[in-house]
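Student: Could we go through this chain together, one question at a time?

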Amino acid sequence: QVQLVESGGGLVQPGGSLRLSCAASGIIFSLYDMGWYRQAPGRQRELVAGFTSGGSTNYADSVKGRFTISRDNAKNTLYLQMNSLKPEDTAVYHCNAGTWFEDEFYDYWGQGTQVTVSS
């Protein structure tokens, strides 16, 4: 059974920092492309940052220079360090794991963790 469990969300003031974690189980973590997505009320889910199994990273323009994605394959954990947070970063943040295997795409999501940036 595959599980992605996010943690680390909360309420923070503008300019503050949070570190999100996503603990994965039931998958060979190192073989999966991992990503953080977010969804704000009334908006579509959007990619925040991705970290491929090959070691490449990418970021949404809105978070470049402020957020850093990392992964620890030994701990089966994905991280998102968020600095200089803005009210527009408020959303539910979801962890995603995806990989191709024998011409089939396997895609898993966590339940999400709420991040609220407000004074």
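What follows is a set of questions and answers on bonds, strands, salt bridges and packing.

Tutor: This is a predicted model, where local features need pLDDT of at least 70, side-chain atom pairs count only at pLDDT 80 or more, and totals for chains, interfaces and linings use all residues. Residues are numbered from 1 along each chain as its sequence is written, and side-chain values use heavy atoms, with hydrogens and water left out.

Student: Which cysteines does a disulfide join?

Tutor: A disulfide is a pair of cysteine sulfur atoms within 2.5 Å. By this rule the count is one disulfide. The S to S distance is 2.1 Å, and the residues joined are cysteine 22 and cysteine 95.

Student: How many residues apart in sequence are the parts that cysteine 22 and cysteine 95 tie together?

Tutor: Strands (E, at least two residues) and helices (H or I, at least four) are DSSP runs, numbered from the N terminus. Cysteine 22 belongs to strand E3 (residues 18-25) and cysteine 95 to strand E9 (residues 91-101), so the parts tied together lie 73 residues apart in sequence.

Student: Is the disulfide of cysteine 22 and cysteine 95 left-handed or right-handed?

Tutor: The handedness follows from the torsion about the S-S bond. For cysteine 22 and cysteine 95 that torsion is about -75°, so the disulfide is left-handed.

Student: Is cysteine 95 buried or exposed?

Tutor: Buried means under 20% relative accessible area, exposed over 50%, and partly exposed in between (1.4 Å probe, protein chains only). Cysteine 22 has 0% relative accessibility and counts as buried. The relative accessible area of cysteine 95 is 0%, so cysteine 95 is buried.

Student: How many residues of E9 are buried?

Tutor: Strand E9 is mostly covered. Of its eleven residues, the number buried is eight.

Student: How many bridges join E9 to strand E10?

Tutor: Two strands pair if DSSP finds at least two bridges between them. E9 runs antiparallel to strand E4 (residues 33-39), with seven bridges, and glycine 35 stands opposite asparagine 96 in E9. E9 is also antiparallel to strand E11 (residues 113-117), with three bridges. For E9 and strand E10 (residues 104-109), again antiparallel, the number of bridges is six.

Student: Which residue takes a positive phi in the hairpin of E9 and E10?

Tutor: Within this pairing, alanine 97 has tyrosine 108 in E10 as its bridge partner. The hairpin has two residues between the strands. The residue with a positive phi, near 50°, is glutamate 102.

Student: In what order do four strands form an open sheet?

Tutor: The pairing in this sheet is antiparallel. Its edge strands, E1 (3-7) and E7, each pair on one side only. Neighbouring strands are turned by 15° against each other on average, direction ignored (axes are lines fitted to C-alpha atoms, for helices over the stretch in contact; angles run from 0 to 180 degrees between N-to-C directions). The order is E1-E3-E8-E7.

Student: Which residue in E8 stands opposite threonine 68?

Tutor: E7 and E8 run antiparallel and are joined by six bridges. Opposite threonine 68 stands glutamine 81.

Student: Which residues are linked in a network of salt bridges?

Tutor: A salt bridge is a side-chain nitrogen of Lys or Arg within 4 Å of a carboxyl oxygen of Asp or Glu, and the structure holds four. Arginine 38 meets aspartate 89 at 2.9 Å, N to O, and aspartate 89 meets arginine 66 at 2.8 Å, N to O. The network consists of Arg38, Glu46, Arg66 and Asp89.

Student: What is the relative accessible area of aspartate 89?

Tutor: Among its salt-bridge partners, arginine 38 counts as buried at 6% relative accessibility, and arginine 66 is buried at 11%. By contrast, aspartate 61 and lysine 64, which meet in a salt bridge at 3.1 Å, N to O, are both exposed. Aspartate 89 is buried, with a relative accessible area of 1%.

Student: Which residues touch the most other members of the largest nonpolar core?

Tutor: A nonpolar core is a set of buried Ala, Val, Leu, Ile, Met, Phe, Trp, Tyr and Cys residues joined through side-chain atoms within 4.5 Å. The largest one has 29 residues, and those touching the most other members are Trp36, Leu78, Leu80, Met82 and Tyr93.
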